[in-house]
Amino acid sequence: MDHNLAIIVLAAGQGTRMKSAVPKLLHPLAGAPIVAHVLATARALDAAHVVTVVRHERDLVAAAVEAELPGTVIVDQDEIPGTGRAVEQALASLPDDFEGEVLVLNGDVPLLNAGTLAAFLEQHRADSAAASVLSAVYDDPSGYGRVVRDATGAFDRIVEQKDATDDERAIAEINAGIYAFGAAALRDQLANLTTENAQGEKYLTDIIGLLRAAGSEVEAVPVSEPWLVAGINDRAQLSEAAARLNALIVRGWQLNGVTIDDPATTWIDLAVRIEPDVTIRPGTQLKGATVVATGAMIGPDTTLVDCEIGANADVRRTDATLSIVGPGASVGPFAYLRPGTVLGADGKIGTFVETKNSTIGEGTKVPHLSYVGDATVGDHSNIGAGSIFANYDGVNKHRSEIGSHVKTGAHGVFVAPIRIGDGVYTGAGTVVRKDVPAGALAVNVAPQRNIEGWVQTHRPGTAAAEAAEAAGEASGPDAD
């Protein structure tokens, strides 16, 4: 732990440009709220103190903060607006004897990583600066405060665009809004902040000017890539950040031995885990805490949410949530695995099959056009095409238990609760309403009866009657 480091995360803003009922900092990015990425970076820096300042939708944001970084000190910003006031209140929550460095982060800058910040802190400490400003060089710096340097290249001041001259507006280096302060210097100057400005706010940027006026050392440290300090203020910027982060995630897995056919159409959340020699085909989304074991083939056009995929499994054109697919099993195309699905090793859930809250045993196949809900199916069984597990009586759900080495005919219906023993066969079109003992054949279809001439008698004049009549003449005694 770095006992000389405190981190303040500013998370009090409303984020009106998102135009959303959801607080800006809680919008998801790679499977986690925006603010969670900032807190993960804070955790990686191993600071002695982490303080998060909240205000808008206070309870929701505070809950997300606590979930990501338990033990974080939550500070409520009062009625006095401004980032300077937020830092002032956060600093007051630190121990009175804390004299280390204070790193101020914005809760809406999620791509800034711990390595960049560690280098920034190292430079700040090496310079023995009272404050350091993280900066970036933008092709289009419009709207940002500019970092003005003197003739020697040393930091001189920050000027906001509205106050900048034409020459200053031409400067490409901008203030990223990330700061490192010496705690003592910060305490001294926070006392001098006022709200005597057009917005009536206490601005944190004013601290830089106050320190410079007092003759203190202030440095500006540029980042290597400007996107590292890109903030999220609207949904367009959220989309840009998501694409940038996803590209980094995808490349990371490629470098760890995962084949990704089309990075542009593959989306992977941060919490996903993938073993080497997995192949991911185009149009795939791996979300939540999904885990994919070595040799598996995923996609194309597949979405897995919180799923566990076994080694050498093949899952294609499938939508699955909270499901387990065993080693060597195959799923899809066009399968829908709802929560609670467990497919055993070498099993199959095939085309246009929906499953829910069901365990399907090793080597068992549900090949096509079926629904399996609230069921347990044993090993090496085969569920015929068009089968339906009728699990709901209008009030309650019931389970079906199907044994091992069972062969069910096509278009069967299993009305729960029932038990079908090992080795059972069922005839095509059978509606199973009661238990079937092991080794039995279950059938309940009435014998077929053909009523000849029915169409001509009951549907005279129709195309079907004419076709039947012609067929009868062609097969009559005078036919050639």
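**Entry 1: terms and model**

I take helices (H or I, at least four residues) and strands (E, at least two) as DSSP runs, numbered from the N terminus. The label H1, which supplies the largest share of the lining of the largest cavity, is read in that way. The model I looked at is predicted.

**Entry 2: the whole chain**

I began with the overall dimensions. The C-alpha trace spans about 115 × 50 × 45 Å along its principal axes. I then looked up the radius of gyration, which is 33 Å for the chain, against a value near 23 Å for a compact globule of 480 residues. For secondary structure I noted 10 helices and 38 strands. Of the 480 residues, 45% count as buried.

**Entry 3: strand S4 and its partners**

I went next to strand S4, residues 47-54. Is S4 enclosed or open to the outside? Of its 8 residues, 6 are buried, so S4 is largely enclosed by the rest of the structure. The cut-off I used for buried is under 20% relative accessible area.

I looked up the pairing of S4 as well. Strand S1 (residues 2-11) runs parallel to S4 and is joined to it by 7 bridges. One contact I wrote down is that of Asp2, whose bridge partner in S4 is Ala47. Strand S5 (residues 73-76) is also parallel to S4, with 4 bridges between the two. Val75 in S5 stands opposite Val53.

I also followed the chain through helix H2 (residues 58-68): S4, H2 and S5 make a right-handed β-α-β unit.

**Entry 4: the sheet of 9 strands**

As a reminder to myself, strands of a sheet pair through backbone hydrogen bonds, either parallel or antiparallel.

I traced an open sheet of 9 strands with parallel pairing. Its order is S14-S17-S20-S23-S26-S28-S30-S32-S35. Which strands stand at its edges? They are strand S14 (273-274) and strand S35 (418-420), and each pairs on one side only.

I checked one pair inside this order. Strand S17 (residues 291-292) and strand S20 (residues 308-309) pair in the parallel sense over 2 bridges. The bridge partner of Val291 in S20 is Glu308.

**Entry 5: the sheet of 3 strands**

Another open sheet has 3 strands in the order S33-S36-S38, again with parallel pairing. I asked why strand S33 (407-408) and strand S38 (441-442) each have one side without a neighbour in the sheet. Both stand at the edges with a single partner strand each, so one side of each is left free of a neighbour in the sheet.

I looked at S33 and strand S36 (residues 425-426) too, which run parallel and are joined by 2 bridges. Lys407 has Tyr425 as its bridge partner in S36.

**Entry 6: cavities**

How many cavities of 30 Å³ or more are there? A search of the whole structure finds 2.

The largest cavity has a volume of about 60 Å³. I listed its lining as His37, Val38, Thr41, Leu105, Asn106, Val109, Pro110, Leu112, Leu117 and Ile178. H1 and strand S6 (101-106) each supply at least two residues of this lining, and the largest share, 3 residues, comes from H1. By class I recorded 7 nonpolar and 3 polar residues, with no charged ones.

The second largest cavity holds about 40 Å³ of space. Its lining is Ala11, Gly13, Gln14, Pro23, Lys24, Leu25, His56 and Val61. These residues divide into 4 nonpolar, 3 polar and 1 charged.

**Entry 7: the second largest pocket**

I finished with the second largest pocket, which has about 450 Å³ of space. It is lined by 23 residues, and the closest to its centre are His37, Pro110, Asn113, Leu245 and Leu270. Helix H1 (34-45) and helix H8 (235-255) are the elements that give two or more residues to this lining. H1 gives the most, with 5 residues. I put down the lining classes as 16 nonpolar, 5 polar and 2 charged.

I cross-checked His37 and Pro110 against Entry 6: both appear in the lining of the largest cavity, and both are among the residues closest to the centre of this pocket.

Key. Residues are numbered from 1 along each chain as its sequence is written. This is a predicted model: local features need pLDDT of at least 70, side-chain atom pairs count only at pLDDT 80 or more; totals for chains, interfaces and linings use all residues. Side-chain values use heavy atoms; hydrogens and water are left out. On a 1 Å grid over the protein atoms alone, a cavity is a set of points where a 1.4 Å probe fits but cannot get out, and a pocket is an open set with protein on both sides within 12 Å along at least five of seven lines; lining residues have an atom within 4 Å of a point. Grid points are joined across faces, edges and corners, and a volume is the space filled by probe spheres set on the points. Ala, Val, Leu, Ile, Met, Phe, Trp, Tyr, Cys and Pro count as nonpolar, Asp, Glu, Lys and Arg as charged, and the others, Gly among them, as polar. Buried means under 20% relative accessible area, exposed over 50%, partly exposed in between (1.4 Å probe, protein chains only). Two strands pair if DSSP finds at least two bridges between them. A crossover is right-handed if, with the strands pointing away from the viewer, the path from the first strand over the helix to the second runs clockwise. The radius of gyration is taken over C-alpha atoms; the globule rule is 2.2 Å times the number of residues to the power 0.38.
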